[in-house]
Amino acid sequence: VHQLANGNILLLDNEGYKYSTDPDRRSTSRAVEFELDHEAKTATKVWEFAPDHDFEMYCCGDVHQLDNGNRLITFGGYSADGWDGNLIVEATLAGETNGWLEVQQDDR
């Protein structure tokens, strides 16, 4: 979890790695920013990024705000569509992908 200059918090939510018996449940991990209201004791989601397809991140990962305002997100232990490895994404504040790198796991 990182606190931004504006007081918001930026974090990687590994919600995706949960076991579920519901076959219709969408499983995903995401980067998310929350605005905190300490008096009301609430957190309001103000930004979110998740890849377009269902996947699970079964370990590791982080999100950082870059100097240009974009976010660099690392999804470690990434698994989707029969593919395992790591995913590094630069996402804009509009939720668009500015860069994407997949590093496949070596099964040796």
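# A tour of an all-strand model

Start with the largest nonpolar core, which has 13 residues; select Trp47, Ile73 and Phe75, the ones with the most contacts inside it. A nonpolar core here is a set of buried Ala, Val, Leu, Ile, Met, Phe, Trp, Tyr and Cys residues joined through side-chain atoms within 4.5 Å. Buried means under 20% relative accessible area, exposed means over 50%, and partly exposed lies in between (1.4 Å probe, protein chains only). Now colour β2, β4, β7 (71-80) and β8 (83-91), the elements that give two or more residues to this core. The most comes from β8, with 3 residues. In soluble globular proteins, nonpolar side chains tend to be buried together.

A word on what you are viewing. This is a predicted model, in which local features need pLDDT of at least 70 and side-chain atom pairs count only at pLDDT 80 or more, while totals for chains, interfaces and linings use all residues. Residues are numbered from 1 along each chain as its sequence is written, and side-chain values use heavy atoms, with hydrogens and water left out.

**Zoom out to the whole chain**

Switch to a cartoon view and you will find 0 helices and 9 strands. Helices (H or I, at least four residues) and strands (E, at least two) are DSSP runs, numbered from the N terminus. Of the 108 residues of the protein chain, 34% count as buried. The accessible surface comes to about 6,900 Å², and 46% of that belongs to carbon and sulfur atoms. Areas like this come from the Shrake-Rupley method with a 1.4 Å probe; for residues, only the protein chains shown count as cover.

**Select the four-strand sheet**

Next, pick out β1 to β4. They make an open sheet in the order β1-β2-β3-β4, with antiparallel pairing. At its edges are β1 (2-3) and β4 (42-49), each of which pairs on one side only. Two strands pair if DSSP finds at least two bridges between them.

Look between β2 (residues 9-13) and β3 (residues 30-37), which pair in the antiparallel sense over 5 bridges. Here Ile9 stands opposite Phe34 in β3, and Leu10 stands opposite Glu33 in β3.

Then move across to the pairing of β3 with β4, antiparallel over 7 bridges. Asp37 stands opposite Thr42 in β4. These two strands, β3 and β4, form a hairpin with 4 residues between them, and Lys41 in the turn has a positive phi of about 55 degrees.

**Show the charged side chains**

How many salt bridges are there? The count comes to 4, where a salt bridge is a side-chain nitrogen of Lys or Arg within 4 Å of a carboxyl oxygen of Asp or Glu. Side chains of opposite charge can pair when their charged atoms come close.

Select Arg30 and Asp13: their closest N and O atoms are 2.8 Å apart. This salt bridge links distant parts of the chain, with Arg30 in strand β3 and Asp13 in strand β2, 17 residues apart.

Now select Glu33 and Arg71, whose salt bridge has its closest N and O atoms 2.7 Å apart. Glu33 lies in strand β3 and Arg71 in strand β7, 38 residues apart. Are these two residues buried or exposed? Glu33 counts as buried because its relative accessible area is 6%, and Arg71 is buried too, at 2%.

Lys45 and Glu48 meet in another salt bridge (3.1 Å, N to O). Both count as partly exposed: Lys45 has a relative accessible area of 44%, and Glu48 has 34%. Add Asp13 and Arg30 to this selection to see a network of salt bridges that links them with Lys45 and Glu48.

**Stop at Thr74**

Thr74 is found in strand β7. With 28% relative accessibility, Thr74 counts as partly exposed. Leaving aside neighbours within four places in sequence, Thr74 is in contact (heavy atoms within 4.5 Å) with Leu12, Met57, Gly61, Asp62, Leu87 and Ile88. Select Cys60 as well: Thr74 and Cys60 are 14 residues apart in sequence and 8.1 Å apart in space, C-alpha to C-alpha.

**Finish on the surface**

Turn on the surface and highlight Leu72, Ile88, Leu101 and Val103, which make a nonpolar patch of about 290 Å². Patches are made of residues with over 30% relative accessible area and no salt bridge: like charges are joined within 9 Å, and nonpolar side chains (Val, Leu, Ile, Met, Phe, Trp, Tyr) within 5 Å. For a last click, choose Val103 in strand β9 (residues 97-104); Val103 counts as partly exposed, at 37% relative accessibility.
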